[in-house]
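I set out here what I looked up in this entry, in the order in which I looked. The notes go from pairing of strands to the interior and then to the chain as a whole.

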Amino acid sequence: QASEVKGKKEMTAIVVSTDPTVKTITVRNEKSAPESQPQTLAVAGAAIANLATVKTGEKVKLVLTMDPATNTESVTSIEKPAPPKP
């Protein structure tokens, strides 16, 4: 579920690939069907540092922020969900 907060959107997704050189992350929404198209998102700000720490197949929580000037979304936060408590 995407929760909207003035220009911000959270989404839990599975990492398909990352490309730190061009600052993008390709993900598949965890709720969508496996055959659905993955989406490639631009990564900005503090999230760029986290790009190197995520691996293909990992589940991550992304915060997407809409840039009103360009009307494009970019990932401003990449968080790994906390491991489940035993």
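**Entry 1: pairing around β2.** I am working from a predicted model. I began with β2 and found that it pairs with strand β3 (residues 24-29) in the antiparallel sense, over six bridges. I then looked up the other pairing of β2 (residues 8-19), with strand β5 (residues 59-67); this is also antiparallel and runs over seven bridges. Alanine 13 served as my reference point in both cases. Its bridge partner in β3 is asparagine 29, and its bridge partner in β5 is valine 60.

**Entry 2: the hairpin.** I checked the connection of β2 and β3 and counted four residues between the strands of this hairpin. Lysine 23 takes a positive phi there, near 60°.

**Entry 3: threonine 26.** Is threonine 26 buried or exposed? I located the residue in strand β3. I noted a relative accessible area of 12%, and since the cut-off for buried is under 20%, threonine 26 is buried. I next asked what its side chain contacts, and recorded a polar contact with the side chain of threonine 40, at 2.9 Å. Not counting residues up to four places away in sequence, threonine 26 touches Ile14, Val15, Val16, Ser17, Pro38, Gln39 and Thr40.

**Entry 4: the nonpolar core.** I turned to the largest nonpolar core, which has 15 residues. The members that touch the most others are Ile25, Leu41, Leu62, Val75 and Ile78. I traced the contributing elements: β2, β3, β4 (39-43), α1 (47-51), β5 and β6 (72-79) each supply at least two residues of this core. I followed leucine 62 further. Leaving aside neighbours within four places in sequence, leucine 62 is in contact with ten listed residues, among them Ile25, Leu41, Val75 and Ile78. The list for leucine 62 also includes Lys9, Glu10, Met11 and Ala13.

**Entry 5: the whole chain.** I recorded one helix and six strands, in the order β-β-β-β-α-β-β from the N terminus on. The C-alpha atoms fill a box of roughly 45 × 30 × 30 Å along the principal axes. For 86 residues, a compact globule would have a radius of gyration near 12 Å; I noted 13 Å for the chain, which agrees. Of the 86 residues, 26% count as buried. The chain exposes about 5,600 Å², of which carbon and sulfur atoms supply 56%. Lastly, among contacts between residues at least 6 apart in sequence, 48% join residues at least 24 apart.

Methods:
Residues are numbered from 1 along each chain as its sequence is written. This is a predicted model: local features need pLDDT of at least 70, side-chain atom pairs count only at pLDDT 80 or more; totals for chains, interfaces and linings use all residues. Side-chain values use heavy atoms; hydrogens and water are left out. Two strands pair if DSSP finds at least two bridges between them. A nonpolar core is a set of buried Ala, Val, Leu, Ile, Met, Phe, Trp, Tyr and Cys residues joined through side-chain atoms within 4.5 Å. Buried means under 20% relative accessible area, exposed over 50%, partly exposed in between (1.4 Å probe, protein chains only). Contact means heavy atoms within 4.5 Å. The radius of gyration is taken over C-alpha atoms; the globule rule is 2.2 Å times the number of residues to the power 0.38. Accessible areas come from the Shrake-Rupley method with a 1.4 Å probe; for residues, only the protein chains shown count as cover. A polar contact is a pair of N or O atoms within 3.5 Å; within protein, one must be able to donate a hydrogen and the other to accept it, and residues adjacent in sequence count only if both atoms are side-chain atoms.
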